[in-house]
Amino acid sequence: MAANRVELQALLVQRESLRFSPAGIPILGATLAHSSEQSEAGSARKVELELAAVFAGKSAEAASRLALGSMLAVSGFLAPRRKRSKVLSLHVTEFELIEV
């Protein structure tokens, strides 16, 4: 199996209402914002981005109770937002609240 794993620290900046899939699984769409400085080819590079995220199952229920502006350590995988789409979203499989 090919690797598809993303780990990121990000702020929860937007959250949709909790919904349920046809199979009854809780789903939560959200937007995460990340800002950091990374080293690339020996130089510092400032990285700022917003990323669509999807939480499912118990993670969705827990994330639906988080305050906007919460700092999270998330991990998951990238997948197209919709079938045949080239736009990606991060499907969060695990997250932890980071106390600041």
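Start with burial: 33% of the 100 residues in the protein chain count as buried. Keep in mind that this is a predicted model.

**The whole chain**

Show the cartoon. You should find 1 helix and 6 strands. Trace them along the sequence, and the pattern reads β-β-β-β-α-β-β. Now switch to the C-alpha trace. Along its principal axes it spans about 50 × 35 × 20 Å.

Turn on the surface. Its accessible area comes to about 7000 Å². Carbon and sulfur atoms account for 52% of that. Next, colour by charge. The protein chain carries 12 positive and 10 negative charges. The mean positions of the two sets are 12 Å apart.

One more overall figure concerns contacts. Take those between residues at least 6 apart in sequence: 52% of them join residues at least 24 apart.

**Stop 1: two rings**

Select Phe55 and Phe95. How many aromatic pairs does a search of the whole structure find? The search finds 1. Phe55 and Phe95 form this pair, with 5.5 Å from centre to centre and 90 degrees between the planes. The arrangement is edge-to-face, because planes over 60 degrees apart count that way.

The pair links distant parts of the chain. Phe55 sits in strand E4, residues 43–56, and Phe95 in strand E6, residues 88–98. They are 40 residues apart.

Is Phe55 buried or exposed? Phe55 is buried, at 0% relative accessibility. Phe95 has a relative accessible area of 23%, so this ring's residue counts as partly exposed.

**Stop 2: Thr93**

Stay in strand E6 and select Thr93. At 39% relative accessibility, Thr93 is partly exposed. Leave out residues up to four places away in sequence, and Thr93 touches Arg5, Ser59, Ser75, Gly76 and Phe77. Now draw a distance from Thr93 to Met1. These two are 92 residues apart along the chain, yet their C-alpha atoms are separated by 17 Å.

**Stop 3: Leu49**

Go to strand E4 and pick Leu49. Leu49 has a relative accessible area of 34%, so it is partly exposed. Which residues is Leu49 in contact with, leaving aside neighbours within four places in sequence? They are Leu32, Ala33 and His34. Add Ser36 to the view. Leu49 and Ser36 are 13 residues apart in sequence, and their C-alpha atoms are 9.4 Å apart.

**Stop 4: Thr31**

Select Thr31, in strand E3, residues 26–40. With a relative accessible area of 16%, Thr31 is buried, because the cut-off for buried is under 20%. Show its contacts, again setting aside neighbours within four places in sequence. Leu11, Leu12, Val13 and Gln14 are among them. Glu50 and Leu51 are in contact with Thr31 too.

**Stop 5: Ser70**

Finish at Ser70. Look for it in the loop between helix H1 (58–63) and strand E5 (71–80). Is Ser70 buried or exposed? Its relative accessible area is 12%, so Ser70 is buried.

Zoom in on the side chain. The side chain of Ser70 reaches the backbone oxygen of Ala67 at 2.6 Å. Then widen the view. Beyond its neighbours within four places in sequence, Ser70 is in contact with Ala10, Leu11, Leu12 and Leu97. Leu11 and Leu12 were also on the contact list of Thr31.

Technical notes: Residues are numbered from 1 along each chain as its sequence is written. This is a predicted model: local features need pLDDT of at least 70, side-chain atom pairs count only at pLDDT 80 or more; totals for chains, interfaces and linings use all residues. Side-chain values use heavy atoms; hydrogens and water are left out. Helices (H or I, at least four residues) and strands (E, at least two) are DSSP runs, numbered from the N terminus. Buried means under 20% relative accessible area, exposed over 50%, partly exposed in between (1.4 Å probe, protein chains only). A polar contact is a pair of N or O atoms within 3.5 Å; within protein, one must be able to donate a hydrogen and the other to accept it, and residues adjacent in sequence count only if both atoms are side-chain atoms. Contact means heavy atoms within 4.5 Å. Accessible areas come from the Shrake-Rupley method with a 1.4 Å probe; for residues, only the protein chains shown count as cover. Lys and Arg count as positive and Asp and Glu as negative; His and the chain ends are not counted. The place of a charge is taken as NZ of Lys, CZ of Arg, CG of Asp or CD of Glu. Rings of Phe, Tyr and Trp (its six-membered ring) pair if their centres lie within 6.5 Å; planes under 30 degrees apart count as stacked, over 60 as edge-to-face and the rest as tilted.
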